[in-house]
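Visitor: Could you walk me slowly through this structure, one question at a time?

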Amino acid sequence: MIKVLLADDQALVRAGFRALLDAQEGISVVAEASDGAEAVRLAEHHMPDVALMDIRMPGVDGLAATREMPSPVRVIILTTFELDEYVFEALRGGASGFLVKDTEPAELIQAVRVVAAGEALLSPRVTRRLIAEYATRAKEPRATAALGRLTDREREVLTLVGSGLTNDEIAARLFMAPATAKTHVSRTMIKLGARDRAQLVVIAYESGLVRPGWL
């Protein structure tokens, strides 16, 4: 059973998401929060698999709450606008991806399943466009000293992850088994302190390994 936390300051929005998700086999909404502080408290209590997080809420917003989410809760940001600096900062802070609020119900359900399975929502090209748009002018650029801990192969893999390639595509590009590519990605995440693939893409841009316009 995939446990979901809903965090949105609009009760009607939460009710709509709850009705949709609770009707799905294998998905259960375990808690609802109306602000970021409540979301963090409920996440620590219920330890959901996925948190659907509105980016703009009164008090503690979704950006701050995402940074405070306990591991291994994975966050999907809900936003009104696709290319939004707040969404980019949320990805930097550990969100696994984002959805616009008017997304189709089937896409929302699929997103919850994908993120619960440990993947990042990086398939839509708009996610990488968003990162490319804001990574070069982040308010607090990420220190790149950690890249020195990577092997040459891991730097190659990070560059390809940043370019949007899947593990299978990385394996084909570097002439290795998919399992080996997955191992390199996992080791790179550990060395860089990245929660998931979305953060690796951000790091690849901020460090200059991948530059806007390369996609």
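**Helices and their packing**

Guide: In this predicted model, helix H1 covers residues 11-22, and at 1.5 Å a residue its 12 residues should span 16 Å. The C-alpha atoms at its ends lie 16 Å apart, which agrees with that expected span of 16 Å.

Visitor: Which residues of H1 are buried, and why do they line one face of the helix?

Guide: Looking down the axis of H1, one finds the buried residues within an arc of 70°, so they line one face of the helix. The face turned away from that buried side carries the exposed residues Leu-12 and Ala-19. The buried residues of H1 are Arg-14, Phe-17 and Leu-21.

Visitor: Against which strands and which helix do the buried residues of H1 pack?

Guide: On the strand side, the partners are S1 (2-7), S2 (27-33), S3 (50-54) and S4 (74-79). The helix among the partners, spanning residues 105-116, is H5.

Visitor: How are H7 and H10 oriented, roughly parallel or roughly perpendicular?

Guide: The axes of helix H7 (residues 152-162) and helix H10 (residues 197-206) come within 8 Å and cross at roughly 100°. Angles of 65 to 115 degrees count as roughly perpendicular, and that makes the orientation of H7 to H10 roughly perpendicular.

Visitor: What residues of H7 make that contact, and how many of the contact residues are nonpolar?

Guide: H7 contributes Leu-158, Val-161 and Gly-162, while H10 contributes several residues, including Arg-197 and Leu-200. By class, the contact has one polar residue and one charged residue, and the number of nonpolar residues is seven.

Definitions and conventions: Residues numbered from 1 in each chain as written. Predicted model: local features only at pLDDT ≥ 70, side-chain atom pairs only at ≥ 80, totals over all residues. Heavy atoms only, no water. Helix = DSSP H or I, 4+ residues; strand = E, 2+ residues; numbered from the N terminus. Expected span 1.5 Å × (residues − 1). Buried < 20%, exposed > 50% of the residue type's maximum accessible area, 1.4 Å probe, protein only. Arc of directions from axis to C-beta. Contact = heavy atoms within 4.5 Å. Axes fitted to C-alpha atoms, helices over the stretch in contact; angles between N-to-C directions. Parallel < 35°, antiparallel > 145°, perpendicular 65-115°, else oblique. Nonpolar A, V, L, I, M, F, W, Y, C, P; charged D, E, K, R; others polar.
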